[in-house]
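Please open the model in your viewer and keep the selection panel at hand. The tour below moves from one selection to the next and says what is found at each stop.

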Amino acid sequence: MIDVLRMLNRGRSRPERVRAWLVMAGAGVATFLLCTAVSLVDVRDDGASLTGLGLALLALPVAGLVHQANRLASATRERRLAALRLAGATPGDVRRLGALEGGGLALAGSLAGAAGYVLTHLSGPLPQVPVVLLLMTAAGAVSGLRAGRQVIASPLGVVRRARVPGPRVRDLVVAVSGAALIAWGAVVRAGFPIAGPYGMALVMTVGMVLLLVGVTMAATWLIRAYAVRAGARARSPEALLAARLVEANPRAWARALSVVGLAVFFGAASGAQQAATGYWQAHALVDVALLLALVAAAAALVVHQAEELIDLRRSFAALAAAGVPERSLGGVLVRQAVITSLPVCAVAAVSGVAVVVASAIDIYQVGWLGWAAGRALVMTGVGVLTAVLVALAARPLLRGALRLETLRGG
Amino acid sequence: MLEARNVSKTYGRTKALAEVSLEIAEGEIVAVTGPSGAGKSTLMHCLAGVVRPESGEVVLDGRRIDTLVEAELTALRRESFGIVFQFGELVPELTAAENVALPLLFNRRDRREAMATAAEWLARLNVSDCADQRIGELSGGQRQRVAVARALVTGPRVVFADEPTGSLDSTGGEQVLRALLDTARADRTAVVMVTHDNRVAAYADREIVLRDGAVPAGAPR
C-alpha cells in the first residue's frame, strides 16, 4: 500500500501539490499552537490559562482548514480513484490509501510544528508533544478517509453521490443536550454531590463542548431552513438561484462555515467573559488569536467556493452563454454567502454569550450584558463580512468557470 | 436577418472557421452539418455572439454584433437569442418551472408573472406535469423539452440548438425536435441547429455543410 502511495505521489498534479503543502502547513501550525497552549495552562493563573485557551481555540480553525484543504483537487483525486479500481483495488484499499495519505501529510506537518515548539521552548514542558503529534496524525488520517466519501469510485469511472445527505436529527440532539447540561450546571452551581463546584465546572465544560459540536453539526438545519425561507421570498433571480443552490446542499456550506462559526462563538464568548471578569491583556491575546482564526476560516471558505464552482461550472457557463451577466452570477455567490453565514454566525454568537452568562450569572450586571450583546452583534457582522468578502474575492474563479470550453464535449 | 460575412476563427494553430459566409432569414430553420471538428459549433457560437470571430462580420438586422462591448452582447443574447445545449445544461437545483422562468427573471420580470409564463411554455411543450420537479427527477426527453422551453420563453428572434437530440434515443429525439420546430414555426422564430445526424437535418428548411471550417464549393449553403 505504501509503495502504491509513493508511486501516486510522484505523479502529483500542481493543485495536489498545493493541497499537500496546505495540509502540512496547517498541521504544523496547529501542532505548534496546541503544544504552546498546553504549556501555558496553569490552574493557579487564570490569565495564563485564558491565553492558553485562546491559542488552543486558534488551533481549531486551523485544523478545520486542514480538513477543508483535504478536499482540494478532488477532480484529479477522483480520476485517480477510478484508475486504482480499474487496476484491481477494492473500495477498502481506496479508503485506506486516502487515510494513509491524509495521515502521512499531517504527520509530516506536525513533526515540523513540534520541532518548532521544542526549539522555542527548550526549558518548557515537553510531555504533551508526542500526544499532540499522535492526535494530529490521527485527525489527518480521519480527514483523508472522509474526504472522498461523497464519491463512489468504480472501475468504470467516478460519480458523486446524487443525493447529498440532508440534516440529521442526531445533530439537534447533541446541541440540545449541550444546552441542557449548561442550564443544569447553572441551576445547581456548587450544590453537586461530592464534586461540589468542580462538578459544575465539569458539567459546564462537557455541555459547552457538546453545544459547540452540536451547533456546528446542526448548522445544516439552520442553513437549509433559512434558504427555504429566502427562496420563497426571493424577488430577484440571483436571490432565487442562491437560495435554491444552498437548499440543495446545505451540508457542504455548514462544513465550510463551521470554522467561521467557531471563531464567532469564541469571539462572542470572549467578549462576554471580558465584560464580567476583566483580564484585558489576556483577552486582547484571545482577540488576536480570533482574528487569525478568521483568516483561517476565510481560507477554508475559499476552498469551499472553489469546490462549488467546479460543481456549478456547466450550469453557470450555460447561463452566461444564454445572456446572464457575470455580475449577476457574482451576485448569486454573494447572496449564498449571506444566506448561509447569517444564521450560522447569529446562532454561534448568541450561544457563545449564553454559555458565559449562564456560568457567571451571579456576577453579571445589566451594563455588562449590554456589552456582551454588542460584542455578539459585532462578531455576527464580522463573520458575515468574512463570507461576503470571500465571495467577492472568488470572481476570478467564477470567470474561469464561465469559459465556453466548459460546455464543449459533453 | 442574421448574417455571417467572411467569418474566420482560429484556436491555437487550428483554423476552426475560414471565411464562412451565410444568411439566415426570419423564421427559417437551418441545419449546420459536417463531420466532427468541421467548425459547426464554432460557427454557431460566432453567430450567437458567444465567441468573437477574428475577422469578418456578424450582422443582426443590419447591425454588426461582433463589435458590441461584452455587456451589450450579453444583453443581446438574453433578449434576442435562445440556446439549447446537447445535455440541456439546466440548473439541477431549480424546478423545471423555475428553470424556464429564469431568463424572464434575469430580464427583470415580476416573479409571479414569470412563473405563469413558464407554466404556459411547459404546457406548450407537453411537460406541464414536470413543473414542480427538480431536473434530476426528469427523463432525458423531458429535460430537453424544458431546455427548449427555456430557450423560447423570452420570444427570441433566433434559437441556436447544439446537437439538441444528441443525448436522446431516436424516438425521444424526434419528439423533442418536433416540439422545438413546431413551436418555432408557429412563432416565426429562426432556428440554427448544429447536428451530425442526417435525420435531424432533414427537418430543416435548408442545410449548410461545413468541412474543415469552410463551406466546400458546390455544397449546400
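## The antiparallel sheet of chain B

Begin with chain B of this predicted model, where four strands in the order β2-β1-β4-β5 make up an open sheet whose pairing is antiparallel. Its edges are formed by β2 (14-24) and β5 (63-64) of chain B, each of which pairs on one side only.

Now select β1, residues 2-11 of chain B, together with β2(B): the two strands run antiparallel and are joined by seven bridges. They form a hairpin with two residues between them, and in the turn you will find B:Gly12, which has a positive phi of about 60°. Two pairs along this ladder are worth labelling: B:Lys9 stands opposite B:Leu17 in β2(B), while B:Glu3 has B:Glu23 as its bridge partner in β2(B).

With these strands still displayed, add helix α1 of chain B, which lies across β1, β2 and β4 (55-60) of chain B and runs at about 55° to β2(B).

## The parallel sheet of chain B

Select next the strands of the other open sheet to be visited in chain B, in which five strands follow the order β6-β7-β8-β3-β9 with parallel pairing. Because β6 (81-84) and β9 (206-209) of chain B stand at the edges with a single partner strand each, one side of each is left without a neighbour in the sheet. On average, and with direction ignored, neighbouring strands here are turned by 20° against each other.

Within this sheet, pick out β3 (residues 29-33) and β8 (residues 190-194) of chain B, which pair in the parallel sense over four bridges; there, B:Val32 stands opposite B:Val194 in β8(B).

Helix α1 of chain B, residues 40-47, packs on this sheet as well, where it touches β3, β6, β7 (158-162) and β8 of chain B, and its direction makes about 155° with that of β7(B). Which strands does α6(B) lie across? Helix α6(B) lies across β3, β7 and β8 of chain B, and it runs at about 155° to β8(B).

## Two helix pairs in chain B

Keep α6 of chain B (residues 170-187) selected and add α5 of chain B (residues 140-152): the two helices pack at an angle of about 15°, with their axes 9 Å apart. Helices α5(B) and α6(B) are therefore roughly parallel to each other, and their crossing is right-handed. To see the contact itself, show the side chains of B:Gly141, B:Gln144, B:Arg145, B:Val148 and B:Leu152 from α5(B), facing B:Gln175, B:Val176, B:Ala179, B:Leu180 and B:Thr183 from α6(B). By class, the residues of this contact divide into five nonpolar, four polar and one charged.

For another arrangement, go to α3 (residues 96-106) and α4 (residues 111-124) of chain B, which pack at an angle of about 120° with their axes 8 Å apart. That angle makes α3(B) oblique to α4(B), and the crossing of this pair is also a right-handed one. Among the residues making the contact are B:Val100, B:Leu104 and B:Leu105 of α3(B) and B:Met115, B:Trp121 and B:Leu122 of α4(B). The contact of α3(B) with α4(B) divides into 11 nonpolar, one polar and two charged residues.

## Helices of chain A

Turn now to chain A and select α10 (residues 250-277) with α12 (residues 326-359), which pack at an angle of about 35° with their axes 7 Å apart. The crossing of α10(A) and α12(A) is right-handed, and their contact has 16 nonpolar, seven polar and no charged residues.

Move next to A:Arg244, which forms a salt bridge with A:Glu247, the closest N and O atoms being 3.2 Å apart. Why are these two residues separated by about one helical turn? A:Arg244 and A:Glu247 are three residues apart in helix α9 (residues 237-248) of chain A, so about one helical turn separates them. Over all chains, the structure holds 20 salt bridges.

For the last stop, centre the view on A:Met24, which has its place in helix α2 (residues 14-40) of chain A. Leaving aside neighbours within four places in sequence, A:Met24 is in contact with A:Leu105, A:Ala108 and A:Gly109. Label A:Ser110 too: A:Met24 and A:Ser110 are 86 residues apart in sequence, and their C-alpha atoms are 7.3 Å apart in space.

Note on methods: Residues numbered from 1 in each chain as written. Chains lettered and ligands numbered in written order. Predicted model: local features only at pLDDT ≥ 70, side-chain atom pairs only at ≥ 80, totals over all residues. Heavy atoms only, no water. Axes fitted to C-alpha atoms, helices over the stretch in contact; angles between N-to-C directions. Parallel < 35°, antiparallel > 145°, perpendicular 65-115°, else oblique. Left-handed = near helix turned anticlockwise from the far one by under 90°. Contact = heavy atoms within 4.5 Å. Nonpolar A, V, L, I, M, F, W, Y, C, P; charged D, E, K, R; others polar. Pairing = 2+ DSSP bridges. Salt bridge = Lys/Arg side-chain N within 4 Å of Asp/Glu carboxyl O.
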